[in-house]
Amino acid sequence: MTADPPKWFRQRRYLHFDEPLSLPKAAALVKNPISVATHAFWPLLRFTIQTSKIKHDKAAKELKQHAKDRVISYAAHSDSQIFAYYCELLSKLYEYEIKARGLTDVVLAFRSLGKSNIDFAKDAFDEIRSRYECVAVALDVTKFFDTINHAQLKVHWKNLLGVSELPPDHFAVFRALTRYAAAERDEVFAALGISLNNPRADRRRLCEPTEFRSLVRANNLVRRNPNASGIPQGTAISAMLSNLYMLDFDIAALSFANASGGRYMRYCDDMLFIMPKGMTSAIESFADTQIRRMKLEINLDKTDRCNFTTSSGILTSDKPLQYLGFLFDGQRVIIRSAAFAKFSNRMKRGVSLAKQTMRSRNKARVQLGAEEHKLYLKKLYARYSHLGKRNFVRYGYNASYIMKSSAIRRQLRPLWDRLQQAISK
């Protein structure tokens, strides 16, 4: 009987500057501190995808769509194994620390809790329901991963290990994540003559080390992070380090909330305070002061302030609270309308692309004397309806069940008709 691989090990099949590592080779590398300390980390590969962001324009009183660039970075195979292994080492110490500090139910993201954002949102809304009057203030950090201060991160790392200086292997990992080098994927592919449409072509790596030096590094395609802040978002250890970086804030915020009989919780850089009425200014002043000490800034545009009151046994709010993709007004929980608009746009594009593919293939079939095929509906239903297992609609029905929200079910009902209309159009 073959033993399960360790949790830190994962075979990644994408193309990078090195080849994928087998478990024995990966273990030999990551478990040898000298090998890690002397390891030559490859540049990250990154590319930018444009996603549509839908926001409510308060002035125009309508939803407006605008493009948002999102940078995707991914590490070489050997580097990914190192990051994953050291993430596991640090996570064990971090879990012990937050348990000792009473933060187990405070830090919600990037931990193995067996729960989702639906569960965390429900917990927050249930907390508000349990209070007759309260204020809920949701705060967000501006460009969180891009502004993580290297010096402060190093201090947190050392404190977690209980050392005055990082050991050579830990310092090598720290340096790879702070003074990281990166290259644009499309530029690298062009320099190496690799097609974006068919990059693998029986390759196990992008190039040999000699080609990397002569075609990639020599052409100045590798750029190092020149700043004293910022870590790449997307490596196997980045999320864990973001939690570690916020440890002092979490400790102070929990103490602040407990002192006033309130509740504090954090999901990545989304912070939520549920406190007695009249504390809005005190919450914002506290959070701003503490965040600035960490060399971060509160995104004022995303600050949400909601006052909940009870009258004749009915809980209401002066405005719905937005938290983890949901809206709560004291009575109803619904999914943000922007999520439905984004899904509808994605569904229409998906159906349109399926029709284009059908027409293109049918044209070829007609030329060969074969019968035309109808639109393949199975994949469309799997992606855009309740018949699928993992899609937005199933997520919505799961949320409606967990939240016990008939309002969410009503939001979901028109989606089937919209899909049928898109198919028949």
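## Cysteines and a five-stranded sheet

The sulfur of cysteine 306 lies 9.5 Å from the closest cysteine sulfur, in cysteine 134, which is too far for a bond. A disulfide here is a pair of cysteine sulfur atoms within 2.5 Å. This is a predicted model, where local features need pLDDT of at least 70, side-chain atom pairs count only at pLDDT 80 or more, and totals for chains, interfaces and linings use all residues. Residues are numbered from 1 along each chain as its sequence is written, and side-chain values use heavy atoms, leaving out hydrogens and water.

Let's put two cysteines next to each other. Buried means under 20% relative accessible area, exposed over 50%, and partly exposed in between (1.4 Å probe, protein chains only).

| Cysteine | Closest cysteine sulfur | Relative accessible area |
|---|---|---|
| cysteine 306 | 9.5 Å, in cysteine 134 | 0%, buried |
| cysteine 268 | 14 Å, in cysteine 87 | 12%, buried |

How many disulfides does a search of the whole structure find? The search finds zero.

Now to the sheet. Strands are DSSP runs (E, at least two residues), numbered from the N terminus, and two of them pair if DSSP finds at least two bridges between them. Five strands make up an open, antiparallel sheet, in the order β6-β7-β3-β8-β9. Because β6 (263–267) and β9 (314–317) stand at the edges with a single partner strand each, one side of each has no neighbour in the sheet. On average, neighbouring strands of this sheet are turned by 15 degrees against each other, direction ignored; the axes behind such angles are lines fitted to C-alpha atoms.

Five antiparallel bridges join β6 to β7 (residues 270–275). Arginine 266 has methionine 271 in β7 as its bridge partner.

Technical notes:
Helix = DSSP H or I, 4+ residues; strand = E, 2+ residues; numbered from the N terminus. Axes fitted to C-alpha atoms, helices over the stretch in contact; angles between N-to-C directions.
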